[in-house]
Amino acid sequence: MNQGEILVIDLFAGPGGLGEGISSCKDDNGNFPFQIGVSVEKEASAHKTLTTRAFYRKLKDNPDSLADYHKYLEGKISRSDLFDVYPQAAEEAKLETLQAPRALGDDNELIHARIKQLCEKHKGPKVVIGGPPCQAYSLAGRSRNAGIKDYKAENDTRNFLYKEYLEVISIAQPEVFVMENVRGILSAKVAGELMFPKILADLREPGKVTDKPGVKGYRIYSLVEPATDPSDPIYKDSRAFLIKAENYGVPQARHRVILLGIREDIDRVPNVLKPADEIVTVEQAIGDLPPLRSGFSKRKDDAFEWEVEVESNSKLISRLLAAKFNIEKPADLFLMLKPQKALKRKTSTKSGISSSLPEELKRWYSNNAASAVLNHETRGHMDSDLLRYAFSAGYTELSGGTSPKARDFPEELAPNHDNWKSGSHADRFRTQAADKCATTVTSHISKDGHYFIHYDPSQCRSLTVREAARLQTFPDNYFFEGNRTQQYVQVGNAVPPYLAKQIAKIVLKCL
Ligand SMILES: C[S@@+](CC[C@H](N)C(=O)[O-])C[C@H]1O[C@@H](n2cnc3c(N)ncnc32)[C@H](O)[C@@H]1O
């Protein structure tokens, strides 16, 4: 295939995880056949991230321009100065992300016009990618909705955003589409009816829903389970569409529904994903990033006071852990828990990469990396949480990788919640064990870091955006725009690009 021969239309693009994977996919001749034509995203910070990344892709192959891009990442020049030096690349990047955040549904006139224009000009194959947002389907979203008085799923427009996806399929009629969603979509109900079979039926015949009779139909394939009858892929169990990212080289248990649609006139059957040889662990993924200390959230930050506080915590926690694990000498535990000295809260030191990572993933992270580590800055925590973090990380280490549940915490560390020991809080302070893959990185990480505690008690903190991005397999030079909270949301929402690249290879074969 030629460079850029396949037009990609990226809907609900988030920070661009799917788009990154697909546009990084090379064919056997070393060409990059997928070219993103448009990315649609309504949230401003994610939109800015997408534009920065689109810009990067346009100049990454020229060493001088790449060096200038790195200067921006290293904070040596501003984004607008960088864009001024490369006005054409900047214009193209802005056009790719439609000049501004846009919402499918609200801005359809403009979005559809641009997609039509691109499709008319483009002679090669087309692919639509994206995942209609998941709040209304996700288990967390559903429990939130359950608390809303008079909530009715059938009146929640977010349950029907996939219809916007169908509108675009009807316009572009791509050879292939890839649709991602949370696992909750399999069991979500509207007016007592399961949504998923309806969504599948609608995706098979988009023209019926959009009232465009000439639109071709699609066969919908699983990417992990071969269909019994490939020419008419029907699966006995809808869980056939569930992909467990940890089985494909992603250092994170992330279980998502991914559907591959192939237009009915394309006589191809997709392969399934090939499982990786081994699970990639948290330590392999983040262990070589520069160590950092946390800060204080309710008082003035000060490095010396932090060391004093964490050191004093370590004495108490080593006694508590020694009692739990029947260890005679708490002093040995103190050595494990005591704070590392002279740590910073953020650093621009060059990013390290673990030599034990699988070669391909190592190259993936470090390709065209800047000399600075990006988005690697810690949060502040409450004093009482610092104690719990030290306990949780220490406990996880001593138990061989099991993070403590509420019942494992000593009374003196229990937070002042009524429901601390009940189901919803039982796993409230979760350490991401060094020698396992991480649990799912969700956008909840933007709220607090309690589910994402670093395994190293001597840093006593939650994960940084960069660490979360590593667990999501974003390359190290992927820069997340916006404030830190927005960056966490973007990372938590994304499809792991390294998984997306593997999906892209399957798509490529079909084309
Ligand atoms: C789950 S994320 C998508 C992640 C993305 N596929 C990736 O790989 O990074 C869903 C995104 O849809 C965006 N969104 C929600 N409603 C939208 C709408 N009506 N139009 C455009 N974007 C929307 C959200 O802001 C969010 O960033």
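## A covered strand

A residue is buried when its relative accessible area is under 20%. This model is predicted, and strand S3 shows the term at work. S3 spans residues 126–130 and is mostly covered. Of its 5 residues, 5 are buried.

Both faces of S3 are covered. Lys-126, Val-128 and Gly-130 lie on one side. Val-127 and Ile-129 lie on the other.

## The neighbours of S3

Strand S1, residues 6–11, runs parallel to S3 and is joined to S3 by 5 bridges. One residue pair shows the link: Asp-10 has Ile-129 of S3 as its bridge partner.

S3 also pairs with strand S4, residues 176–182. The sense is again parallel, with 4 bridges. Here Val-127 stands opposite Val-176 of S4.

## Gln-284 in helix H11

Gln-284 sits in helix H11, which covers residues 282–286. Is Gln-284 buried or exposed? Its relative accessibility is 13%, so Gln-284 counts as buried.

The side chain of Gln-284 has a polar atom 2.7 Å from the backbone oxygen of Ser-356. Ser-356 is also among the residues that Gln-284 touches, leaving aside those up to four places away in sequence. The others in that list are Ile-279, Ser-354, Leu-357 and Pro-358.

## Cysteines without a bond

How many disulfides does a search of the whole structure find? The count is 0. A disulfide needs two cysteine sulfur atoms within 2.5 Å.

Take Cys-25. Its closest cysteine sulfur belongs to Cys-510 and lies 12 Å away, so the two are too far apart for a bond. The view from Cys-510 matches: its closest cysteine sulfur is in Cys-25, at 12 Å, too far for a bond. Cys-25 counts as buried because its relative accessibility is 0%. Cys-510 is buried too, with a relative accessible area of 4%.

## Enclosed spaces

Rolling a probe the size of a water molecule over the atoms shows where empty space is left. In this structure there are 4 cavities of 30 Å³ or more. The largest has a volume of about 60 Å³. It is lined by 14 residues, and those closest to its centre are Gly-16, Ile-36, Ser-39, Leu-50 and Arg-57.

Which elements each supply at least two residues of the lining of the largest cavity? They are helix H1 (17–23), strand S2 (34–39) and helix H2 (44–59). H2 gives the largest share of that lining, 4 residues.

How values were computed: Residues numbered from 1 in each chain as written. Predicted model: local features only at pLDDT ≥ 70, side-chain atom pairs only at ≥ 80, totals over all residues. Heavy atoms only, no water. Buried < 20%, exposed > 50% of the residue type's maximum accessible area, 1.4 Å probe, protein only. Polar contact = N/O pair within 3.5 Å; in protein donor to acceptor, adjacent residues only side chain to side chain. Contact = heavy atoms within 4.5 Å. Pairing = 2+ DSSP bridges. 1 Å grid on protein atoms, 1.4 Å probe; cavity = no way out; pocket = protein on both sides within 12 Å on 5 of 7 lines; lining within 4 Å. Points joined across faces, edges and corners; volume = space filled by probe spheres on them.
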